[in-house]
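Let's take a walk through this model together, stopping at a few places along the way. Keep the viewer open and follow along at your own pace.

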Amino acid sequence: MRIRASHRAALLFAFVVASAASAADRPAVVVTRGSEQSFRVALQRFDGTLDADGFRSAIEDALVYSSLFRMIDPKAFLGPTTTPSMGVSSRIECSEWTTIGADLFVEGALRIDQADFVAEFRVWDLAGCERKLSKRYRQASTAEPNILARRIADDIVEAFTGTRGVASTELAFVSKRGGNPEIFVMGADGSNQRAATANRSINNFPSWSPGGDSIVYTSYRRDNRPMFFLSTRGRGKPGRILGKLSAMPQYRAVFGPGNEELSVVMSPNGSAELYRVRPDGSDLRRLTQNGQIDISPSWSPDGRQIAFVSDRAGSPQVYLMDRNGHGVHRLTFDGSYNTSPAWSPDGRWIAYQSRVGGQFDIWLIDPDGSVNLPLISHPRSDESPAWSPDSRKIAFSSTRRGSADIYVVDSSGDHLQRLTRSAGDDTSPAWGPYPR
Amino acid sequence: MTGTHEITIELGGLRRQEFRRFLVVSAVAHLALVAAFVLTPEPGFRVPRGVVSVELVGAPVSASLAAPAAAPRPKAPPKPAPPPIIKPKKVVLPAEPTTPKPKAVAKAAPVPKATPAPAKDYEDVLAQLRAEAGESAPSPAAPAITRAAAGPMGSPDGVAISPVVAAWLKRAKIHVRKNWVVPPGFRTQALQTVVQVNLSSSGEVRGTPKVTQRSGNPWYDEGVVRAVQKSSPLPAPPEAGAWNFVFLPEDSY
């Protein structure tokens, strides 16, 4: 639809005349840089017979984990600290909550219905005193109620920011806490750490399928050669994957965004090369063709490009290419050793580790290379960045406390949090997708 | 662990707009907005609400994944001048609260965190310029964004702003800023929202602030309205009536 310039001017004039004349006559108040980064939450204890305090604090922990919410101490509440009932009444005394500085108010009920937990909650946007969200969750009572608490918190994050929170997601990582490297899984806050493999061999490079059903990893469990395996978490057949390609040593496999293909590192004749292949081993396509090392693939979220590491220029650097191996170009030029690229799910950044002095720091570069800045730095090494599915957080491994542990930090570099504290090294974090 | 349970979800009065729809129709919507103003003497325009987002039990994976992936990038906003490429330098973050290692930290050179150079406080500068313009000082070209922000609703060129008004503009800005929550992810986006606010002579916000220019991100727009509502009462304006407020996440856009 095109409008000629003269018409455009006429429309503009009409617009000015027709809009409230007084506002048009006045200069605008230009407001920049909101000084608050987080919303203040008044969260009631959910009514019910279950552990109301535990449930409340689980929601609270998950909200705080987002770095987007702050809690108001219930001691400051003017209204009730526990939701009296979740009847159909749809009005609350908003002034009771705005007076104590709350931006939002959460009320709810938690009860057992037959063999299920049922959690029901409402979220109020207090500025306009409007109900923003109302939901009911049901879950088998054999499962942990905190799963529901995290779901609720992630919903609240979404209601106020448009992007779901990640408290309900999980991370896979490699841990040597038992001596040899095994694949482990934990909650996004470090809770519930447990082993996904226990084969007493060498296991490395976990990568989630986009649906979250399985984790592909590299293991030396058979014949002491590196091969790809799946850990399916009870939702499919575990075991070998891409077995028909095992004539070549298999170093690392990374699922593409569509569940339909993987980018894999294999070694046809001594040098590591990148391939693309379907999970059943069909449609194998070689993407790099040189005698140099090409490793560490990371897909763009649209699946059209792959970031990877190559030493073709003499030192390891991050490169980009399209999904067919064409259009290869170098992305990182600062520093002599840049590896472990990780493309953010929103497509905006590629995180990578850059050697500074004798250790690594994590940097962010945008895909056209125009902005390159440090995320976080420490005299000890920070390595292997992995993005949360909302692109708001980055997990990485760090030796800042001696042996390597998994940490999480906001993509702004704030709110550093340590997730693991085991005696053995915890490395190679891989952040799983949103749960179903 | 996950997937071993079934979850039933029911949605109540959810006010979130469906985001992608706005991207698709944004150009048309802008024209429609103008047309609406042309055709109706008292513009009946208000923020469309009530699109309900529905999550289903056991929704297909692609559905749950689509939300974040498809999420929220306003269609290529004009890029700010590309920040300079920052040389790799050692940057020391505040040590972790629990157990700082003073020795190790001390060894590292304390270079300030590399962020784009702080931009000027445009509206402060603007207010000052306008005040000065009222005293017939030569008026240098205002930053492009400020002209754009004022747009058709800004002060007409050549009309001086009295020092009283300029002072109030600044006070109002500072007051509203304190009540405006901008999640970190929004700070790096070039978002601009204009709301028309009806103020009483004592600064009370009358009625619901009206979004007259959307940013393209409905949650950002909601946050702007929320900030205005929460700011009531504002410092008493020079005169009661409708005032435009332009919201930008950073000074530099």
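A residue is called buried here if 20 or more other C-beta atoms lie within 10 Å of its own. With that in hand, look at helix α8 of chain B: it is mostly covered, with 12 of its 13 residues buried. Please keep in mind that this is a predicted model. The buried residues of α8(B) are Pro218(B), Trp219(B), Tyr220(B), Asp221(B), Glu222(B), Gly223(B), Val224(B), Val225(B), Arg226(B), Ala227(B), Val228(B) and Lys230(B). You can also check the length of this helix, which covers residues 218–230. At 1.5 Å a residue, its 13 residues should span 18 Å, and the C-alpha atoms at its ends are 18 Å apart, so the two values agree.

Staying in chain B, turn to strand β1, residues 193–199. Of its 7 residues, 6 are buried, so the rest of the structure largely encloses this strand. Which strands does β1(B) pair with? One of them is β3(B), residues 241–248, joined to β1(B) in the antiparallel sense over 7 bridges. Within that pairing, Val194(B) has Val246(B) as its bridge partner. Another is β2(B), residues 205–213, which also runs antiparallel to β1(B), here with 5 bridges. In this second pairing, Asn198(B) stands opposite Arg206(B). β1(B) and β2(B) form a hairpin with 5 residues between them. In the turn you will find Gly203(B), whose phi is positive, at about 100°.

Now move over to chain A, where 4 strands form an open sheet with antiparallel pairing, in the order β18-β19-β20-β21. The edges are taken by β18 (294–299) and β21 (329–330), each with a single partner strand, so one side of each is left without a neighbour in the sheet. The partner of β18(A) is β19(A), residues 305–310, and 4 bridges join the two antiparallel strands. Here Ile295(A) stands opposite Val309(A).

Val309(A), in strand β19 of chain A, is a good place to pause. Is Val309(A) buried or exposed? It counts as buried, because it has 25 C-beta neighbours inside 10 Å. Leaving aside residues up to four places away in sequence, Val309(A) touches Ile295(A), Ser296(A), Pro316(A), Val318(A), Thr339(A) and Pro341(A). Ile295(A) thus appears both as a contact of Val309(A) and as the residue opposite Val309(A). For one last look, find Tyr352(A), 43 residues from Val309(A) along the chain: the C-alpha atoms of the two are separated by 10.0 Å.

Technical notes
Residues numbered from 1 in each chain as written. Chains lettered and ligands numbered in written order. Predicted model: local features only at pLDDT ≥ 70, side-chain atom pairs only at ≥ 80, totals over all residues. Pairing = 2+ DSSP bridges. Contact = placed C-beta atoms within 7 Å. Expected span 1.5 Å × (residues − 1).
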